[in-house]
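Trainee: I would like to take a close look at one part of this model, going slowly through how its helices meet. Could you guide me through it?

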Amino acid sequence: MNPFAGREAAMVETHMEVALAVIETSFRLRHHSLAGTASFRRDMDHSRRAIEASRELLKRLRQRHHDDMARGWEDPDPTPVSAFDADILRSAFRALVTDMSVPECQWRDLAESLVREYVGCEQIDTGLLDWITHK
């Protein structure tokens with residue numbers, strides 16, 4: 001019997017085990033790499049969608065701001081309030097001040113918010129506010 005025959009058989013078996021281990025490791029690395037690549041692509045797609053959504057939101061906000069500014073140029077004068085409307089506003093203001101015991105330092109702000117709600121316009125004539133808050 002050849003003394004080296006047992007060693008060669010052990011080496012061949014060891015070489016086969018090493019080769020199988022290399023193949024298995026290679027397969028695992030490739031699988032891990034593919035999973036990592038797929039995860040990276042999903043994350044990138046999610047980021048792209050989030051960026052696109054934020055761009056759309058900014059575009060809508062800019063358009064709304066542009067539309068508001070255009071309306072401001074078209075109608076620079078405050079919305080006219082009829083005498084009847086002014087009288088209604090003044091009566092409502094007085095009732096609120098009395099019922100809620102609003103201090104005089106807050107009257108102008110209350111009158112301004114009341115007129116804005118009623119008229120639906122940001123620009124309010126200061127004379128109207130003075131008339132409403134006058135004692």
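How close do the axes of H2 and H3 come, and at what angle do they cross?

Mentor: In this predicted model, the axes of H2 and H3 come within 10 Å and cross at roughly 135°. Since angles over 145 degrees would count as roughly antiparallel and 65 to 115 as roughly perpendicular, H2 is therefore oblique to H3, and their crossing is right-handed. On the H2 side the contact is made by Asp-85, Ile-88, Leu-89, Ala-92, Phe-93, Leu-96 and Val-97, while H3 brings Trp-107, Leu-110, Ala-111, Leu-114, Val-115 and Tyr-118. Sorted by class, these residues comprise 12 nonpolar, no polar and 1 charged.

H2, which spans residues 83-100, also meets H4, residues 126-133, where the two axes come within 9 Å and cross at roughly 45°, which means that H2 is oblique to H4 as well. This crossing, too, is right-handed, and in it Ala-86, Asp-87, Leu-89, Arg-90 and Phe-93 of H2 meet Leu-128, Trp-131, Ile-132 and Thr-133 of H4. Here the residues divide into 6 nonpolar, 1 polar and 2 charged.

The three helices also come together in the largest nonpolar core, which has 14 residues, and in which Phe-93, Val-97, Val-115 and Ile-132 touch the most other members. H2, H3 and H4 each supply at least two residues of this core, with the largest share, 5 residues, coming from H3. If you follow Ile-132 in particular, leaving aside residues up to four places away in sequence, you will find that Ile-132 touches Leu-89, Arg-90, Phe-93, Ala-111 and Val-115.

Conventions: Residues numbered from 1 in each chain as written. Predicted model: local features only at pLDDT ≥ 70, side-chain atom pairs only at ≥ 80, totals over all residues. Heavy atoms only, no water. Axes fitted to C-alpha atoms, helices over the stretch in contact; angles between N-to-C directions. Helix = DSSP H or I, 4+ residues; strand = E, 2+ residues; numbered from the N terminus. Parallel < 35°, antiparallel > 145°, perpendicular 65-115°, else oblique. Left-handed = near helix turned anticlockwise from the far one by under 90°. Contact = heavy atoms within 4.5 Å. Nonpolar A, V, L, I, M, F, W, Y, C, P; charged D, E, K, R; others polar. Core = buried A, V, L, I, M, F, W, Y, C linked by side-chain atoms within 4.5 Å. Buried < 20%, exposed > 50% of the residue type's maximum accessible area, 1.4 Å probe, protein only.
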